[in-house]
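Here is a quick tour for anyone opening this structure for the first time. Have a look at it, then read on.

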Amino acid sequence: MNKFTKNNYLVIKNVISKELTDYLYNYLLLKRQVADSFFQTNYISKHEHIHGTWNDAQVPNTYTLYCDSAMEVLLTKLKPIMEKHTALKLIETYSYARVYERGSKLEKHRDRHSCEFSTTLNLGGDHWPIFIDNKEVLLKPGDMLVYEGCKYEHWRERFDGVYCAQVFLHYADEKNNNLKYDGRPILGLPSFFKKEVK
């Protein structure tokens, strides 16, 4: 039995380099700033999600980005590490990035089917623990937590820092081929390309 199946989760340290972590952290902060500028100037509708949104019901007023191309590349590149630690052949489903701000709180929840095997990867900002299966886990930038999001409840308490950027990378057992790419024909496409995933 590996550590993942024994403990229901596994922390992998320094899974990406400091240089890449810093790059992706600043990339997300810039994406957030650009999206805010678009919305504030009415250049695009606030209902448009390609550049990100603050409308995620799970964590209101927090910048989120579904399936950004840079994050989808990370999703593919880290799949071998996920397969090694889950001892399964996996398929990519989707990526989802968040830039949490002061006052953010992630309510206790379980994930949908496309998040059968997941990782949250810390990309930078102020320290902020995640809780899973009633255990507190603190990740440093470049560290990731591997867990079964559909099976185990996870959450974060109120954030008192300035920013904390995380990317969630989601996978499924390859037997569940209907979940591939979260119903999109290829990675990197926005949500309106999705067909219904059952």
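## A pair of strands to begin with

Keep in mind that this is a predicted model. A good place to start is strand β2 (residues 63–66), which pairs with β3 in the antiparallel sense over four bridges. To find the spot by eye, look for Tyr 63: its bridge partner in β3 is Val 99.

## Strand β3 and its other partner

β3 runs over residues 90–101, and it's mostly covered: twelve of its twelve residues are buried. β3 also pairs with strand β10 (residues 163–173), again antiparallel, and here there are eleven bridges. Along that pairing, Tyr 94 of β3 stands opposite His 170 in β10.

What holds paired strands like these side by side? Strands of a sheet pair through backbone hydrogen bonds, and they can do so either parallel or antiparallel.

## Helix α3 and its covered face

Now for a helix. Which residues of α3 are buried? They are Met 71, Glu 72, Leu 74 and Leu 75. Looking down the axis of α3, you'd see these buried residues fall within an arc of 155 degrees, so they line one face of the helix. The spacing fits a simple rule: an α-helix has 3.6 residues a turn, so residues three or four places apart point the same way.

And what does the covering? The elements over the buried residues of α3 include the helices α2 and α4 (79–86), along with the strands β3, β5 (117–125) and β10.

## Where α2 meets α3

One of those neighbours deserves a closer look. Helix α2 spans residues 18–40 and α3 spans residues 69–77; their axes come within 11 Å and cross at roughly 145 degrees. The crossing is left-handed.

On the α2 side, the contact is made by Leu 20, Leu 24, Tyr 27 and Leu 28, while α3 brings in Ala 70, Met 71 and Leu 74. Sort the residues of this contact by type and you get seven nonpolar, no polar and no charged.

## A four-stranded open sheet

There's also an open sheet made of four strands, in the order β4-β9-β6-β7, with antiparallel pairing. At its edges sit β4 (106–109) and β7 (135–137), each of which pairs on one side only. On average, neighbouring strands of this sheet are turned by 25 degrees against each other, direction ignored.

Zoom in on one edge and you'll find β6 (residues 130–132) and β7 pairing in the antiparallel sense over three bridges. There, Ile 130 stands opposite Val 137 in β7.

Technical notes: Residues numbered from 1 in each chain as written. Predicted model: local features only at pLDDT ≥ 70, side-chain atom pairs only at ≥ 80, totals over all residues. Heavy atoms only, no water. Axes fitted to C-alpha atoms, helices over the stretch in contact; angles between N-to-C directions. Helix = DSSP H or I, 4+ residues; strand = E, 2+ residues; numbered from the N terminus. Left-handed = near helix turned anticlockwise from the far one by under 90°. Contact = heavy atoms within 4.5 Å. Nonpolar A, V, L, I, M, F, W, Y, C, P; charged D, E, K, R; others polar. Buried < 20%, exposed > 50% of the residue type's maximum accessible area, 1.4 Å probe, protein only. Pairing = 2+ DSSP bridges. Arc of directions from axis to C-beta.
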